[in-house]
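Please open the model in your viewer and keep the sequence beside it. The tour moves from the whole chain to single side chains, and each stop says what to select.

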Amino acid sequence: MTEPADHPFVQAVKPLVDAMGGQMVAPDLAQGDDVVLAWEGHDRVAVRLPHLSDSLDHILAELQRRHGMPLAELDRKTKQSVVRILETRGAFSVRHGVETVAGALGVSRFTVYNYLNRENAAKGTNAQVEGVQVEGA
């Protein structure tokens, strides 16, 4: 980087960039979709955002680190909680998101749909997930 990596602003945004799976690069190396962040009138860092599919993998890895074990080894209630977190983070808007999450949790796609539909029912909504209504969810 052309700016010192220990600049207070760079250090302040690093946890956010890490959490979203981005990469920090020197502002002069910024490419088309990179976001250049300035502080006090000077470009301090450029953030390279991940592709959506990479973001899902990053989110799953972070959740696994947070729980301290493979997601497939979590109990049902905790898996349901993970699905809720993933839903709020947009995981199911990514192509093959349900399949990717199901694989990480060690459950079927229909189990993920059940978790999602159960959550929507608990919220008092009658939304269907990807057009699939699972009876008894």
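What percentage of the contacts in the chain with a separation of 6 or more is accounted for by residues 24 or more positions apart? The share is 43%, and it is to be read with the caution that this is a predicted model.

**The whole chain**

Begin with a cartoon of everything, in which you should find five helices and three strands, arranged along the sequence in the pattern α-β-β-β-α-α-α-α. If you then switch to a surface, the accessible area of the chain comes to about 8200 Å², with 51% of this area belonging to carbon and sulfur atoms. Colouring by burial would mark 32% of the 137 residues as buried.

**From helix H1 to strand S2**

Next, select phenylalanine 9 and tryptophan 39 and show their side chains; they form one of two aromatic pairs in the count. The ring centres lie 5.1 Å apart and the planes meet at 20°, and because planes under 30 degrees apart count as stacked, this pair is classed as stacked. The pair links distant parts of the chain, since phenylalanine 9 belongs to helix H1 (residues 8–19) and tryptophan 39 to strand S2 (residues 35–39), 30 residues apart. As for their surroundings, phenylalanine 9 counts as buried at 15% relative accessibility, whereas tryptophan 39, at 40%, is partly exposed.

**Within helix H5**

For the other kind of arrangement, select phenylalanine 110 and tyrosine 113, whose ring centres are 6.1 Å apart and whose planes stand at 55°, so that this pair is tilted. Both residues are in helix H5, and because they are three residues apart there, about one helical turn separates them. Is each of these two residues buried or partly exposed? Phenylalanine 110 has a relative accessibility of 44% and counts as partly exposed, while tyrosine 113, with a relative accessible area of 4%, is buried. Add arginine 109 to the selection, and you will find it over the face of phenylalanine 110, at 4.9 Å from the ring centre.

Now widen the selection to the whole of H5, residues 109–122, and place a distance between its end C-alpha atoms: the value is 20 Å, which agrees with the 20 Å that its 14 residues should span at 1.5 Å a residue. The buried residues of this helix include Val112, Tyr115, Leu116 and Asn117, and Glu119 and Asn120 are also among them. To see what covers the buried residues of H5, bring in helix H3 (76–88) and helix H4 (97–105), which are included in that cover.

**Helix H3 and glutamine 80**

Stay with H3 for the last stop, where the end C-alpha atoms are 19 Å apart, in agreement with the 18 Å that 13 residues should span at 1.5 Å a residue. Select Lys79, Gln80, Val82, Val83 and Leu86, which are the buried residues of H3; they cover an arc of only 160° around the axis, and this puts them on the same side of the helix. Turn to the other side of H3, and Lys77 and Thr88 are exposed there.

Finally, centre the view on glutamine 80, which is buried with a relative accessible area of 12%. Which residues does glutamine 80 contact, leaving aside its neighbours within four places in sequence? They are Tyr115 and Arg118, and of these Tyr115 is one of the buried residues of H5.

Methods. Residues numbered from 1 in each chain as written. Predicted model: local features only at pLDDT ≥ 70, side-chain atom pairs only at ≥ 80, totals over all residues. Heavy atoms only, no water. Helix = DSSP H or I, 4+ residues; strand = E, 2+ residues; numbered from the N terminus. Buried < 20%, exposed > 50% of the residue type's maximum accessible area, 1.4 Å probe, protein only. Contact = heavy atoms within 4.5 Å. Areas by Shrake-Rupley, 256 points an atom, 1.4 Å probe, with all protein chains shown as cover. Expected span 1.5 Å × (residues − 1). Phe/Tyr/Trp six-rings, centres within 6.5 Å; stacked < 30°, edge-to-face > 60°. Lys NZ or Arg CZ within 6 Å of the ring centre and 35° of its normal. Arc of directions from axis to C-beta.
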